[in-house]
Amino acid sequence: MMTSITPPPQLAHIYELLIAAYGQPQWIPDYDPLGGLIGTILSQHTSDRNSERAFQQLIATFPTWEEVRDADTEDIVEAIRCGGLASVKAPRIQAALESLTKQQQQAGGTLSLSDYLRDVLLTSSLEDGWHYLRSIPGVGPKTAACVLMFNMGLPMMPVDTHVHRVSQRLGLIGPKVSADQAHGIFAQMTPPAWVYPLHVHLIRHGRQVCHAQRPACETCFLFKVCLYVAASKSKR
Ligand code: SF4
């Protein structure tokens, strides 16, 4: 059963304005956490388009994750070359698969790696599932949260550079809170059903309006509730 969380007033107000402006997105997980995990590793430091191409190329070359794990690393590098940083990502992917295999064997399981990971996440608490994913080599707080939210439909919000920047400016998190630390803060203050819409909309707002350099505050619908604007005014 999901816990009920009462959001702080600033978050509630901002959420309402984001939904009014951008609508209610549909949260449709695919329940493929291992595919999501590998896809997220492939997406590091590259565009969505390139990482998707690398992912498709990888699964076309190696139809199962067990085959990816056991392949020659150079063959993995070749398969994912179009995604960039292939020589870093290929051993990272294989290390993650090796680690999962060890845990699966220790648990005495006979499931495929994919089914094993899904099973672990479905039977763990949200926090335990997050820690479990983070115990896999190459999986940081954001990657673990991406798998939980996008692939399992669980309310752990990934904090990327857009979510981090916009949240700080809006005063949802403190100015010294790191992106990694922000995961725990959002987990405590965000009602579960808000997690996906809030994530999607903060990213959209960061890309379209609240740019890293020169945010478009004069046309922003969050202008009146934004601490960044209030702080800028007080400096004048
Ligand atoms: S008012 Fe400016 S700083 Fe605040 S959210 Fe909008 S664009 Fe970003």
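**Close-up views of a predicted model**

**Figure 1. Residues surrounding the ligand.** In this predicted model, the ligand is surrounded by Arg169, Leu170, His205, Val209, Cys210, Pro215, Cys217, Cys220, Phe223, Cys226, Tyr228 and Val229. Sorted by class, this shell comprises 10 nonpolar, 1 polar and 1 charged residues. Two helices, α10 (161-170) and α13 (227-235), each contribute at least two residues to the shell. The ligand takes up the space of the largest cavity.

**Figure 2. Helix α2 and its surroundings.** Helix α2 spans residues 33-42, and 9 of its 10 residues are buried, so the helix is largely enclosed by the rest of the structure. The buried positions are Pro33, Leu34, Gly35, Gly36, Leu37, Ile38, Thr40, Ile41 and Leu42. Among the elements that cover these buried residues are α3 (48-61), α4 (65-70), α6 (86-106), α7 (113-123) and α9 (141-152).

**Figure 3. The largest nonpolar core.** This core holds 38 residues, of which Leu34, Ile38, Leu58, Ile80 and Leu133 touch the most other members. Two or more residues each are given to this core by α2, α3, α4, α5 (73-79), α6, α7, α8 (126-134) and α9. Helix α6 provides the largest share, 6 residues. Both Leu34 and Ile38 also belong to the buried set of α2.

**Figure 4. Contacts of Ile38.** When residues up to four places away in sequence are not counted, Ile38 touches Phe55, Leu58, Trp65, Ile93 and Leu97. Leu58, one of these partners, is listed with Ile38 among the core residues that touch the most other members.

**Figure 5. A second nonpolar core.** Separate from the largest core, a second core contains 33 residues, including Ile14, Tyr22, Met189 and Val229. Val229 is also one of the residues around the ligand.

**Figure 6. Leu85 in the loop between α5 and α6.** Leu85 lies in the loop that connects α5 and α6. Its phi is positive, at about 50°, although Leu85 is not a glycine. With a relative accessibility of 44%, Leu85 counts as partly exposed.

**Figure 7. Arg214 in the loop between α12 and α13.** Arg214 is located in the loop between α12 (195-208) and α13. Arg214 likewise is not a glycine, yet has a positive phi of about 50°. The relative accessible area of Arg214 is 77%, and this residue is therefore exposed, the threshold for that class being over 50%. Pro215, which follows Arg214 in the numbering, is one of the residues around the ligand.

Terms used
This is a predicted model: local features need pLDDT of at least 70, side-chain atom pairs count only at pLDDT 80 or more; totals for chains, interfaces and linings use all residues. Side-chain values use heavy atoms; hydrogens and water are left out. A residue is near a molecule or strand if one of its heavy atoms lies within 4 Å of it. On a 1 Å grid over the protein atoms alone, a cavity is a set of points where a 1.4 Å probe fits but cannot get out, and a pocket is an open set with protein on both sides within 12 Å along at least five of seven lines; lining residues have an atom within 4 Å of a point. A molecule sits in a cavity or pocket if more than half of its atoms lie within 2 Å of its grid points. Helices (H or I, at least four residues) and strands (E, at least two) are DSSP runs, numbered from the N terminus. Ala, Val, Leu, Ile, Met, Phe, Trp, Tyr, Cys and Pro count as nonpolar, Asp, Glu, Lys and Arg as charged, and the others, Gly among them, as polar. Buried means under 20% relative accessible area, exposed over 50%, partly exposed in between (1.4 Å probe, protein chains only). Contact means heavy atoms within 4.5 Å. A nonpolar core is a set of buried Ala, Val, Leu, Ile, Met, Phe, Trp, Tyr and Cys residues joined through side-chain atoms within 4.5 Å.
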